[in-house]
Structure formats: C-alpha cells, structure tokens
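Hello,

Here is the structure we talked about. Please load it first; my notes follow below.

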Protein chains: 4
Amino acid sequence: MTVRVGVIGAGWIGQDHIRRLTETVTGAQVTAVTDIDAARSQEAAAQVGAEVFADGGELIAADDVDAVLVTSWGPTHAEHVLSAIASGKPVFCEKPLATTAEDCLKIMEAEMAHGRRLVQVGFMRRYDAGYRQMKQVISSGRIGEPLMVHCAHRNPSVPESYTTDMAALDTAVHEIDVLRWLLDDEIVSAQVVLPRATSKRYEHLRDPQIMLYETVKGIRIDLEVFVNCQYGYDIQCETVGEHGLVRLPDPAAVDVRTTGQRSTEVLTDWVGRFVHAFDTEFREWIANLATGNEPTGPSAWDGYAATVVSNATVEARKSGRIVLTDMKPRPAFYATRDIA
Amino acid sequence: MTVRVGVIGAGWIGQDHIRRLTETVTGAQVTAVTDIDAARSQEAAAQVGAEVFADGGELIAADDVDAVLVTSWGPTHAEHVLSAIASGKPVFCEKPLATTAEDCLKIMEAEMAHGRRLVQVGFMRRYDAGYRQMKQVISSGRIGEPLMVHCAHRNPSVPESYTTDMAALDTAVHEIDVLRWLLDDEIVSAQVVLPRATSKRYEHLRDPQIMLYETVKGIRIDLEVFVNCQYGYDIQCETVGEHGLVRLPDPAAVDVRTTGQRSTEVLTDWVGRFVHAFDTEFREWIANLATGNEPTGPSAWDGYAATVVSNATVEARKSGRIVLTDMKPRPAFYATRDIA
Amino acid sequence: MTVRVGVIGAGWIGQDHIRRLTETVTGAQVTAVTDIDAARSQEAAAQVGAEVFADGGELIAADDVDAVLVTSWGPTHAEHVLSAIASGKPVFCEKPLATTAEDCLKIMEAEMAHGRRLVQVGFMRRYDAGYRQMKQVISSGRIGEPLMVHCAHRNPSVPESYTTDMAALDTAVHEIDVLRWLLDDEIVSAQVVLPRATSKRYEHLRDPQIMLYETVKGIRIDLEVFVNCQYGYDIQCETVGEHGLVRLPDPAAVDVRTTGQRSTEVLTDWVGRFVHAFDTEFREWIANLATGNEPTGPSAWDGYAATVVSNATVEARKSGRIVLTDMKPRPAFYATRDIA
Amino acid sequence: MTVRVGVIGAGWIGQDHIRRLTETVTGAQVTAVTDIDAARSQEAAAQVGAEVFADGGELIAADDVDAVLVTSWGPTHAEHVLSAIASGKPVFCEKPLATTAEDCLKIMEAEMAHGRRLVQVGFMRRYDAGYRQMKQVISSGRIGEPLMVHCAHRNPSVPESYTTDMAALDTAVHEIDVLRWLLDDEIVSAQVVLPRATSKRYEHLRDPQIMLYETVKGIRIDLEVFVNCQYGYDIQCETVGEHGLVRLPDPAAVDVRTTGQRSTEVLTDWVGRFVHAFDTEFREWIANLATGNEPTGPSAWDGYAATVVSNATVEARKSGRIVLTDMKPRPAFYATRDIA
C-alpha cells in the first residue's frame, strides 16, 4: 500500500525529500505540498503531480494525505506537528522538533494522549552505516563500558546568515542526538570552550567552538564544532571504553598517488556524506507506516532532549559557565519506543 | 510511468532482483515470473503479486511485460535474449550474455537489425562508487596513461559445485568487464599462472589462479582469483599510470582497538560489497526505460567481449600457453552506446 | 672526541640510557655511575667498565666526567643539576627538571649566571619523526594558524604506585612540552574534567582524566590521559588550523587479514613507540657537546614551563576550577636557545 | 673491542657507509680506504682520519684492518671478497656478491675451505622493521602456507646510465633476496612480461617490467619494477597464504587535510625508506664481529642465489621465454648459517 505524504515546506531540504520519496523510496507518493512561498509550492508540487495547499492545516486535513512531512522553518514545526497529532496522522519532522522545551513537552503530551507514536524526528545519523556499526560494537561489549567520546563536526564554510547560536542549535544537535542513542544515556550538563576564532569567518560569528558534555553515567563528551574549516565536510567520532575504542571511518575513497603524495578525497558537502543515511531513514519510516506499525526512528522524547541540550549549550556559551540541562524524567510511554 | 518487468529465472539472484525491483527501485513493478521449477516460480510470484508463466517465451510475449530480466541458468541466456529482441522488448541479462562467442554475435546481429539497443548485461561493478571514482581519476589524466593493473578477487569459499573453469567464467569475468570499461581498451591475450593450490579446497578445484592479460594499448593486467581465501570477500584493484596510481578503497568500516590490535571488519560476502552497485544498476536501467531511452549500461558488445576473453582464459589455463582472444572488430553500432 | 658521561641514578631508565650511550650512540662513553642503591650502582657500572661513585657530588667533580646525566628520583633532580652547573659541566636531566617552579627558577638563574647553556631536559618527543613532521607542516603554513589541538595519551596499565597526581606530573607533562614546542606558544590556564573512572584500576587512582589548556594565542588543547586503557600504548595528536589539519600517524605495522578482520598491531609499551626518538635525542646531545656547542634540546626554561603547567594541572583537578599558570616572562637568555 | 674496518670503494654508497660506521654504529672505526679515484679516496679517508691504500689487496693485508667492506663497482666484488677470504678476514660485500654464478661459487668454495663464515652480502631489506614483522607473521602460521606474493618496486626516476638489464640486476635483486628469506624457499623459474613502456623514460630503457617467479614449493611471485614512476619511491609487498594475507605498511607519515584532500607524503628516495634498515644491518654485523661470532646476515649462498635468479630474469626478458634458474643444491655449510 502506497503511503501518501503531504509536505509542509518546499525549501531546499523539502525539495530534496520530495525527490527522495518520489525517486528513491518505494511505497511512497507525495500527494500534497504547501509552502509560505506560493510559487515555490507550485513548482515543487508540479514536478511530482501533487496538489498545492494554502497552509499546513488544510494539507494535514486532506483526505489523500496519510502522513505529514514537516520541513518548514524551525519555529513553525511545533504547530504543524501538533496539528498532525490532532488529526491522528503520522508526522515526520525535520530537526528541531520545536525550538523550546515547552513546545516539545506539549507535543509529547498530545502524542501520549493519542496513545500511539505518531512523531518521528529527522535525525538521520542513526541511519548511517558507520554509526550503526559503532553502536553494534559498543553494545557487543567489545570495548567495555564507554567512558569518553571525542567528536568533531566540520563544514567547509557557512553562509553569512549562520549565527553563533546555530553552532549548537543546528550543528551540534546532530551529535547530541546520535550520542544519546549510541550511549543509551542522557546529557546532564554542558560547557562551551571558545578557541581563538578563525580569521576566515564573518565578524559576527564565533567559530570554532568546543562543547563539553557530561552524561548521567558520567561519560564525558568533547565536540569540536568548526563550520568554516575550509578543507572539507568532516565528521569524526571516537568512543573510548574501559578496554578499547571504536572510531567512525572516513568515507571510502580511492587512494591516489602522484608527485610525492598519497591522497584521498575529503567530501566537501554533507549531502554526499549522509545520502545513504537519508535514504534509509525514509525507507524505514515509510516501511513502518505501510505495514501499520508505529515509527521506530527518533521520537518526540529524542526531539525534546535534543532541544533541551542544544539550548543549554547556547546558554553555557553565553554565560561562560557549566549549565545543567534539567531534563524532565522520561515518560514510560517513550521508554520502549526507540530504535533498536 | 511504471516499467512492468517479467523475470525469467527465480533462483537466488532472481529473487534478490525481484525484491530489489519491488522494494528498492522506484518506477518498476514485477508483473511476471517464470522458472523451470514451478513451485519456486509460484512462490516468487506470489510474494509480489505477479503472474506465473509456463516458460520464457510466453512471459516475453505477455502484454503487461514491458521489459525482461533474464536470471536463469547461463546456457539458456542466449535463447531468452534473442526472444526478447524478436519481440522488440528491452532485456536485462545477468552475465554471461551467452556462453559462446557465436551466440553473442547472433544477439548483436539481432539487436543491430532491430536498430536500437535493447540489451543490457548485468556487470554491476561499473556502478560501484569506488570503480566510478577510479574511472574519473584515470579519465582526468591525473595518473597519466595507464600501464598496468593489479587486481585480486577473493571469496572466502565456494560450494563444491564450483569448477576450475568457473574461476574465469564466473569470477574473473567481473574484472574482465570492469577493466575494459575502466581502461577503454580491449584484451588481446590471456595467460594463466597456477600457484601451488590451497589445501583448503575440493580435490577437483585448482585454486588460486593468476590471470595475465594484455590489451590493445599494451597495458598489462594481473588478476589473482582466489575463491577459497578463507578470510573474507576482498576486491582489490590498482591502476598504475605513467606518473601516478589509483587504488580501489577497502569498504569503510569502524576502526576498533582492543588488546594490542587495531582492526576493521573485512566483508565476508559479495552482497554487502556491491549492494549499492546493484541498486544503482537497476535504478539507472529502469530510469532509462521509463523515459524511453536506450539502456546505457554494459551492451551486447560488452557481453561478447567478456565471453570471448573468459573463454580464452579457460583455454590458456588448459593449454598452459598464451592465448590470443581473436575478437571481431567492434561494429559502429556499439561504438557510442556505452556508459559514460 | 669522546664525551665521557657520568650517570646519576641507575634505575630502569638510567640503565636504558647507559646501554644507549654505550651501544647505540657513537662518540660517548659512560665513565661514572652512582645510585642510592650501591649494589645497583656496582652492577650498572661493571657492565660498561665505569667507576662507581658514592654520590652525585663526587661523580660530578670527577675528572673523567665531561657531562652529567641525571636519571635519579625526581625530587633529587634540582640538587644534581645545580651542582653540575656549579662545576660548569653540561647536564642532561630526565623530566622533571625540578618538582617545584622555585627550583626551576634557581636553575635558570644559575645557568644564566654561568653565561652559557649547560642544561638539557629529557623531553624526547621533540625528536620523534611524527612530531617533527607535524611541526614542519604547521610551520609551513599549510594548515593556517593553529586553533585547536586534540590529544590522547594512553597506556595499557600502570603499577599500583602510580598516583592520581602523576597523570599530570609524569604523563601529561610530555604533551605539555611537545605542544609548547609545536605551537611555539605558552600555556596560560588549565582545567581538568573527570570522566567516569574505569573499573579496571586501583581504588586510589582517578583514571581517565581530560585536561584542557589555553595558550597565550588562544589555542585550545584537550588531552585525554588514560593510563589503564588496557588495549595498548597509543599516542594521538591532531592540530586543527584555520584551513587544514595535521594528525600524528599510527606507527607503521604490517596489515594482516584473517577471518573477517583486517588488523595491525598496536604497541603495548612506550619504549617501542619512542625508541628512535630517544636515540636521536642522545645522538644530537652528544654531537653538540662533542663539537663544543651548547645543547639545542629542551632548555631549563622548557623544564620550568612544564613544571609550572603540570603543577597547575594538579591544582585544577583538586580544586575543580580553571587555574591560571602565572608563568614568569621568558628571559632573553632563553629566547633563542631553543631547538629549531 | 672496536672493529677496524677497511673500505674498498669510496663512491656514494661507500661514503654513506663510512659515515654510518663513524657516526651511527658504535664499536666500529674506519681505518683504511681505497678507491680507483685517488682524490676521492683521499677525501673520504681524511674525513675520518683513515689511511689511504693504493688498492684493495694492500688494504686487506693491512694490520689495522680487522674487517673489509666492499662497495666498489660490481664487477670487482668477487676479486676483493676472495682476497679477504684468503686473508681470513670478515668481508661485507654490497650486492651483487659477484656478477656471475661462477664467481659466486668460487667464493663459496673458498669460504667453505676456510671453514667459517666470513662473507656477508648487503641485502638490507632483511633488516627493515616491516619485512621483519612480515616474516614473523608468516612464520607464526597466522596466514597459513604462503601461496602468492605480489610486489612492486618503484623509483621516481633513474639516471640515463641505468640500463634495461639493471631492472633485474640492480633493482629486482632486492626483492629476490628478501622473498627467498621471507618464504624460506628458492626460485626455480623466471618470466618477464613487458607492459607498454612509459613515455617518461630514455629511448634505450624498457620500463616498467613485470617479473614472474615460481619457487620450489610452487609459490608464485609477481613483481612490478617501475623505475620512472615519477610519483615516489614506493615499495609494496603482499604475501597471500592459505587463510590470510600480510602486507608491508606504507611508511608512517602525518595525515594532512587541506582543500578537499587527505594526504600523506610518499617518500621520493630510498635512503629515507631504508635508513633504519641500513643502520641495523651494520650494527648487527659489527656486533657479531666484535663478539667473535660469524656474521648472521645474508651469506655467500644468498649472494649466489640472487645472482643466479637476477641473471635468469635478464635472460627471460631477452628470450621472451620462461627460464629455469638451474641452481646448484645448497651445501650443508650454508644450511644453518642464515639469519633467524
């Protein structure tokens, strides 16, 4: 049975997901599109023969929309997700689930009141082959209890619209989610260390930043976020356990030897790095819906935790202090509804 | 527009492609299945709601079959491919295109008489990301004119039914195709060197073998085929040019450090190694058909060349001599109909 | 001209250096030995035909001692180094130069009063091929201005006598020196983060520890010290600059593929890791002395800086606070007397 | 006791070994030098305070020459080695031991008549850490019985004086020796395959060449010799056994990431690649002599085998045929006098 998807937000990422649901993922069809920019909405819809809706509310209500994909501007996410829940329709929401902890909690309450999981949040790294191998190694006990994680998240450059807060809210948030999942643990505090700033940036932007986290179990995480590193898009992650370590591989690329150098290409955009993860993410989401199952990807609880921790990171940077995350206890509803 | 595919041969590889066309490739639907084993045919068809046909001829003739996929036993390939051409239907044929050069030539003649490419042969390595990068590096001139290629094709083990000839016909044939494509060159001679045989094999099987090829341009290829290497499925390829070299990467896998060892997993089956290549192969095939284009993958000419060279390899081994391949000249029809 | 060396302290490291000066470094001869354990002194001296002295003072005064090597217990270093300076004899002192900043300052004053460099401190990493390559890359400008350094210093295990303070004083001190040299910068503050402790340790020992440093230029360093990591002796260092990074290589070791694994050996002791560095260190020291030059290795100033920073690290851990190092300004005498 | 060495031949390699024996290897002193070029002889001797001799005969006879080092032009080696044996003095001869099998046999006979090993041949790869690790892995049984070895020997370029024969006699000879030692086996046949020649060479030179060898045990070796590969000095060696393989590592070098590339340096000269091997080779040679032991490095038998096989390789190339090596049986004298 084909899952008919309505897409709210036809910007760059929305268009990419529309293409993915149409060309790459079987069992799905994009039947409805809406965007605050009507022309963009028309264009995106036309390419796949979808209907255009005036706004998210109408789209969610439409009969031929079985599931909703929210890829609009972050601050609008909560409203659309809550509408979808109110309509009893499954909703895939790109990160963040909501920009405030309060809105995330509202979503969780609505979903619990509904009684079944409807929400999945778009943290695609859990679907990356490397992270999945890493989780397998950790779970197998081969490296012992995890004690530390060293990470780096580097982009070649960002547009001028990128702000200092976004290093936590848009960039580090991916590590925040995937580390919670890898470690099966919650983050209790955040600290931010500010190295000398790169000269290859906008005046308004503080880059790089080093984020330090502590988990309930006492695991320590250090995460370098460097979004103007120039040389490439480079994701590093190393988990050190009591008797071994596991490290994410660099993407496979041919080894070339010329003029005294052995070299391999470093990717320069994240699309190439995570394209298979995105495909798997949507393939699994659609497969779950098509078979009538609840989604198994990142839940509203995961969305809440990511928002709380990334907001705490911003506060830690601004205050220069260690900030406790002060998360609510996890409701039983979410305890067993996570990806394996 | 959905491409309706009829599948001839529902063995292991046929079933895997049926699953692929159903679950992984958009725009395709398996509508017809036939197999010499009626029960197997029924079961494979039932899983995807396809119709069962008594034989290949009926299946090819069926109205709701737009394109044919031949995954039956090798010696039957030529007959089915010729039938498909006679019906003017596109046909994807797993290797070999035919077991004899004569049959390959007949297929080429039929296709040329038809006037449009209908045939694609299932050499999936051309769709592997690593080989594609390697081709790009060679084409860019970064390593200069290619002079030598060193390859290894290793399987952990093979079943008892695997014969000494199959090292050339079933195993080396993948390198024969991908090297012709990588180098844009044809193979003119074959020699086989027989190392001391592994003791971890069947009495009847000569394993490993080293195949030596020379191309029109004078490039020399050495290819180790070792199908009982025990340790893993391992594909190596290094092209050495006048001022540099390019080497296929090992698949990316997490780096684990424990007890005095740094280790990464080596795959133990070829499915994992080439799964993305298979997906891309079929995605591109279906996309071409859906848009009314000729297939752009390996052509009947490529199938002919692979059969000629792999047969010459068998003869070289049996005779202990260098065997010239004696290929016909390439018809103009095939000169520009190859994958970019 | 052979340099006649008197060795104060014939413990493990003293004996190793006696062997090195005898068997591996040309132009040197060990002529005198002393140790608080008379039997050990006798034994070490007998193996190389050296004379035994009752204490450091007598040894330093001996006519056939051209240069002094101090490898005794840390708290005794300052006394011997000061005696050597008083006698106008070159002295190589294993780290630490002295356990207190005050004693280091006294040594610097004595040396400056003497008017020529006599002191070299035993930080061998500056002689390691990998660190030297890294310094070359940084100095060349290939990666731009350094912004961050990520390090790990892991030992498989330590004896029960190893204390929590030693993580800074004995272990991190190597990174403290080599990073000052790599970055041509001084450390201004230290912070210590304490991950969940490994269960594979003694009750009294806090392990691992993460040390965070800031330099005058604002470079941020994070250093994992984990001395019971079980799996091996593993030294990692990555310097991230404004437009690139440089990372220390793992030691070269054969790649072995067996049973689904590709593996290389990880060293399990530091001797193997730095044996060539030790050899080069002493070869260069002896070559300088033999040609009448001042030593060019780590100076008393470097010894002072290392002691100040490692002591600040201990204080930071004990207090849970960021501790400023409060170093004196570098005397002009030491400004140009450093290794190139 | 210091070993006093007389050096015959003060060309580039002779001078390098004089420097090595003086500066790097303890327990040795170069006391005598001779060269056909008197000025060169004078200069080399003056630098280390050695005496100049008119010819090899006089040098060998000198009282203060305990051991002889032959680094003169290849065709003169046999004469000097025979003179040294006649004088009962240990002699280290750079490869080749002699240019003909006959001369090698004469040397073996003379040495056997003397009754003790005096001769060591300068095949330094046996002292390389990577090859030693490889031998250890093979001997341990971890990869099972060796079946194949794949090698490459690449130089960036060679001077115009380098001839096509030298690819076997001067270049491949290193692999011939080290593989005999690694495999504990003898080579019984040689074949040469000639790829398209590189355009970046002299007209007179056939480059690259691929040499194929078979051993007594049936192991097959393929060796690419490419002495104008432009990009670097690159030594590759992979031994494939019945259930695993072992591969020589690339030399350790820092990993640099800039502008979309991850790169490590490839060496461009062999000195850097084998400097530690040369040092160890001479250190072990001197240590054996100093303690009155026979040399344990490559023997006259090894020199004979290398000459026979490299000459057979030249003949194979010229004839275009597989050439049997036709080696004499190994005398018992040499059976147990090989390096461990």
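Strand E5 (residues 91-94) of chain B is joined to E6(B) by four bridges, and the two strands run parallel. Within that pair, Gln120(B) of E6(B) is the residue opposite Phe92(B). Bear in mind that this is a predicted model.

The pair belongs to a wider sheet in chain B. Six strands make up this open sheet, with parallel pairing, in the order E3-E2-E1-E4-E5-E6. Strand E3 (51-52) and strand E6 (119-122) of chain B are its edges, since each pairs on one side only.

Now to chains C and D. Chain C superposes on chain D after a rotation of 180 degrees, with 0.0 Å of shift along the axis and an RMSD of 0.0 Å. The two copies are therefore related as by a two-fold rotation axis.

The contact between them comes next. On chain C, 26 residues are in contact with 26 residues of chain D. Helix H1 (12-24), helix H6 (129-140), strand E12 (244-247) and strand E13 (255-258) of chain C each give two or more residues to the side that touches chain D. That side of chain C has 13 nonpolar, eight polar and five charged residues. Of the interface residues of chain C, 100% are also interface residues in chain D, so the copies meet through the same surface.

Strands also pair across this interface. Four bridges link E12(C) to strand E13 (residues 255-258) of chain D, and these strands run antiparallel. One residue to look up there is Arg247(C): its bridge partner in E13(D) is Asp255(D).

Best wishes

Conventions:
Residues numbered from 1 in each chain as written. Chains lettered and ligands numbered in written order. Predicted model: local features only at pLDDT ≥ 70, side-chain atom pairs only at ≥ 80, totals over all residues. Least-squares fit on C-alpha atoms with pLDDT ≥ 70 in both. Contact = placed C-beta atoms within 7 Å. Nonpolar A, V, L, I, M, F, W, Y, C, P; charged D, E, K, R; others polar. Pairing = 2+ DSSP bridges.
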